[in-house]
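Q: I'm new to this structure, so please go slowly. Take a close look at how its side chains pair up and pack, and tell me what you find.

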Amino acid sequence: MSYNFIKYGDLFWMKTMDLSVIIISHNTRELTANAVESVLRSNTRYRFEVIVVDNASTDGSAEAIAARFPEVRLVRNAKNVGFARANNQAIRLARGRYILLLNSDTVVRPDTFETMLDFMEAHPRVGAAGCKVLLPDGSLDKACRRGFPTPAASFYYVFGLARLFPKSARFNAYHLGHLDPDTDHPVDCLVGAFMLVRRETIGQVGLLDERFFMYGEDVDWCFRIRQAGWDIHYWPRTSIVHYKRASWGRRPARVIREFHRSMWLFHRKHFAARYPFYVNALVGLGIGVRLAGALVKNGFLARLGGRRR
């Protein structure tokens, strides 16, 4: 059998494959299985493949996926290489005209792929798009449509001005709370839990920045996509559920550190050169204070959990 391949940048893929769905797994056996099952139940005329990269899980995730879903392309890493690097591994293997980053703790609707790919096909200048992302209680995952975390936008968010002035575009520049979540609109960035990216766009802007071990790689990618002249769009005609397990209760200290490290890395990479030293110093101080507070809170939750046991 002969295949017709296209090349963008250093990446090749088959013209006959429409979508590559990429899921990164790390000790999320049941969540990953539920995500894959929802993907395979999709009702769409588009051809798609599923690639799961397992980041050295110790809960039998890789074995369970291999046994239950033989049609899935499974990559087993010997160690946890992080979210960005694992996604890049899969992107290099992917054969689709579109790449979907999908979290292992999500469930897609049967119409999600059809709706989103129809939108992308009709809007060739859109480099990346996201759907409505809902939390288990039905509320919006605010990260699914965001502005860039500039120092001003971050200040308004951290100090509660967005909540005090919910209709203000200025004070809601980060989470865009002034915009109707049921109405489509262009945005600065999406969430890596569901990010549909055009292959031509990746060929132009490159892969995810692997300096982001976890967190921040989605914002950085969107920043580069916008810099390259592509549009990014929020399209709420379909939705997924995001269980967002890592945000509930106590988290490993490394996760907290990586989250705050990604904030500083993004600022230093994209914003530091635009601002005087005292603004950068205040940003660094603010991130440090938030990190310290998060670690203290996490330690308190750990002691509280120990007492309850």
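A: Let's start with what the element names mean: helices (H or I, at least four residues) and strands (E, at least two) are DSSP runs, numbered from the N terminus. Also keep in mind that this is a predicted model.

With those names in hand, find threonine 28, which is in the loop between β3 and α1. Threonine 28 counts as buried because its relative accessible area is 4%, and buried means under 20%. Along the chain, threonine 28 and aspartate 105 are 77 residues apart, yet 7.7 Å separates their C-alpha atoms.

Now step from that loop to the charged residues. Side chains of opposite charge can pair when their charged atoms come close. The model has 22 salt bridges. One of them joins arginine 29 to glutamate 30, with 3.6 Å from N to O. Arginine 29 is partly exposed at 38% relative accessibility, and glutamate 30 is partly exposed too, at 45%. Those residues also belong to a bigger picture, since a network of salt bridges links Arg29, Glu30, Glu37, Arg41 and Arg68.

Next, have a look at helix α2, which covers residues 61–68. Its buried residues are Ser61, Ala62, Ala64 and Ile65. They fall within an arc of 165° when you look down the axis of α2, so they line one face of the helix. What sits over them? The cover on the buried residues of α2 includes β3 (19–25), α1 (29–40), β4 (48–55) and β5 (73–77).

Helix α2 has a charged contact as well: glutamate 63 makes a salt bridge with arginine 76, and their closest N and O atoms are 3.6 Å apart. That pair links distant parts of the chain, with glutamate 63 in helix α2 and arginine 76 in strand β5, 13 residues apart. Glutamate 63 is partly exposed, with 47% relative accessible area, and arginine 76 is partly exposed at 49%.

Further along the chain, the side chains of aspartate 188 and arginine 226 meet in a salt bridge, 2.6 Å from N to O. Aspartate 188 belongs to the loop between β9 and β10 (194–198), whereas arginine 226 is in helix α8 (residues 217–227), so this bridge ties together parts that are 38 residues apart in sequence. Aspartate 188 is partly exposed, at 22% relative accessible area, and so is arginine 226, at 34%.

On to the rings. A pair of aromatic rings is described by the distance of the centres and the angle of the planes. If you count rings as paired when their centres lie within 6.5 Å, you get 13 aromatic pairs. Phenylalanine 155 and tyrosine 156 make one that is edge-to-face, 6.1 Å centre to centre with 75° between the planes. Tyrosine 156 also pairs edge-to-face with phenylalanine 171, at 4.9 Å centre to centre and 80° between the planes. This second contact links distant parts of the chain: tyrosine 156 is in helix α5 (residues 151–158), while phenylalanine 171, 15 residues apart from it, is in the loop between α6 (161–164) and β9 (185–186).

How buried are these rings? Tyrosine 156 is buried at 13% relative accessibility, and phenylalanine 171 counts as buried at 19%. Phenylalanine 155, at 44%, is partly exposed. Ring pairs join Phe155, Tyr156, Phe159, Phe165 and Phe171 into a cluster.

Rings can have charged neighbours as well. Arginine 125 has its charged end over the ring of tryptophan 230, 4.4 Å from the ring's centre. Over the face of tyrosine 234 you'll find arginine 145, 5.7 Å from the ring centre.

Last stop: the nonpolar core. In soluble globular proteins, nonpolar side chains tend to be buried together. Here, the largest nonpolar core has 73 residues, and of these Leu102 and Trp221 touch the most other members. Leaving out residues up to four places away in sequence, tryptophan 221 touches Ile91, Leu101, Met195, Val197, Ile202, Val205, Gly206, Leu207 and Leu208.

Notes
Residues numbered from 1 in each chain as written. Predicted model: local features only at pLDDT ≥ 70, side-chain atom pairs only at ≥ 80, totals over all residues. Heavy atoms only, no water. Phe/Tyr/Trp six-rings, centres within 6.5 Å; stacked < 30°, edge-to-face > 60°. Buried < 20%, exposed > 50% of the residue type's maximum accessible area, 1.4 Å probe, protein only. Lys NZ or Arg CZ within 6 Å of the ring centre and 35° of its normal. Core = buried A, V, L, I, M, F, W, Y, C linked by side-chain atoms within 4.5 Å. Contact = heavy atoms within 4.5 Å. Arc of directions from axis to C-beta. Salt bridge = Lys/Arg side-chain N within 4 Å of Asp/Glu carboxyl O.
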